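Thanks for coming. I have one structure to go through today, and I will keep it short. Please look at the screen.

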Amino acid sequence: MNPYLDVIIRSAAVYLFMVIALRIFGKKELSQLNTADVILILLISNAVQNAMVGNNTTLLGGISAATVLFTINFTLKKLMYRFKKFSDFMLEKPEILIHDGTLDFKILSKLNITSDELKEAMREHGVEYFADVKLAMLEIDGNISIITGDKMLKQTHYKRRKNHKNLIQGM
């Protein structure tokens, strides 16, 4: 077999495996990386490097692998944009955490979001009490959006971080 075709096939297989693994284990968790997440990503990249290029350590072999990864990523994004069902499969839906001051404990439990995390997000948005929250949502990128009943809207930002307990459960 052509050594570069081998690199292309291996790289595509590893990329598709990683997409499926992130879908299964929840890519929302990658929205903001903590130390353990960075270590995990570094170890995964080291573990799959040889699976992609085998013993082909040439410059062209590395460029071939990178080209395949960029091409597949570009193609998947185009497919998600064009086909809603494919996009729905690849991306998780936003989840309502609080509606009119009422917490959805079932969803919070399913998503492993602690009350401390939710309170932190509220503080980041300048909200002190659950009753003041008109709507809080966990967005598909891991952000927690909070809308209050105030007439004055302001833009704030909070990204959910995966805690150590969730990291261990995900492994």
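In which helix is Thr67 found? This is a predicted model, as a word of caution before I answer. Thr67 is found in helix α3.

Let me stay on that helix. Helix α3 covers residues 59-82, which makes 24 residues. From its first C-alpha to its last it reaches 34 Å, close to the 34 Å expected at 1.5 Å a residue. Its buried residues are Gly61, Ser64, Ala65, Val68, Ile72, Leu76 and Met80.

Is Thr67 itself buried or exposed? Neither: Thr67 has a relative accessibility of 43% and counts as partly exposed, because buried means under 20% and exposed over 50%. Along the chain, Thr67 and Ser11 are 56 residues apart, yet 9.3 Å separates their C-alpha atoms.

Next, helix α1, residues 3-25, where Ile8 has its place. Ile8 is partly exposed, with a relative accessible area of 35%. Together with Met1, Leu5 and Ile9, Ile8 makes a nonpolar surface patch of about 400 Å². Patch members need over 30% relative accessible area, so Ile8, at 35%, meets that cut-off.

Now the whole chain. There are 7 helices and 4 strands. In sequence order the pattern reads α-α-α-α-β-β-α-α-β-β-α. The chain has 171 residues, and 32% of them count as buried. The exposed surface comes to about 11,500 Å², with carbon and sulfur atoms supplying 64% of it. On contacts: of those with a separation of 6 or more, 64% are between residues 24 or more positions apart.

That leaves the interior. Which residues have the most contacts inside the largest nonpolar core? They are Leu97, Ile98, Val133 and Ile146, in a core of 16 residues. The elements giving two or more residues to this core are strands β1 (95-99), β3 (133-138) and β4 (144-148), along with helices α5 (105-110) and α6 (115-124).

Take Ile98 as an example. If we set aside neighbours within four places in sequence, Ile98 is in contact with Leu103, Leu118, Met122, Phe130, Val133, Lys134, Leu135 and Ala136. Apart from the largest core lies another core, of 8 residues, with Tyr15, Val19, Met80 and Met90 among them. Met80 brings us back to helix α3, where it is one of the buried residues.

That is what I have. Questions are welcome.

Definitions and conventions. Residues numbered from 1 in each chain as written. Predicted model: local features only at pLDDT ≥ 70, side-chain atom pairs only at ≥ 80, totals over all residues. Heavy atoms only, no water. Core = buried A, V, L, I, M, F, W, Y, C linked by side-chain atoms within 4.5 Å. Buried < 20%, exposed > 50% of the residue type's maximum accessible area, 1.4 Å probe, protein only. Contact = heavy atoms within 4.5 Å. Areas by Shrake-Rupley, 256 points an atom, 1.4 Å probe, with all protein chains shown as cover. Patch = residues over 30% accessible without salt bridge, like charges linked within 9 Å, V, L, I, M, F, W, Y side chains within 5 Å. Salt bridge = Lys/Arg side-chain N within 4 Å of Asp/Glu carboxyl O. Expected span 1.5 Å × (residues − 1).
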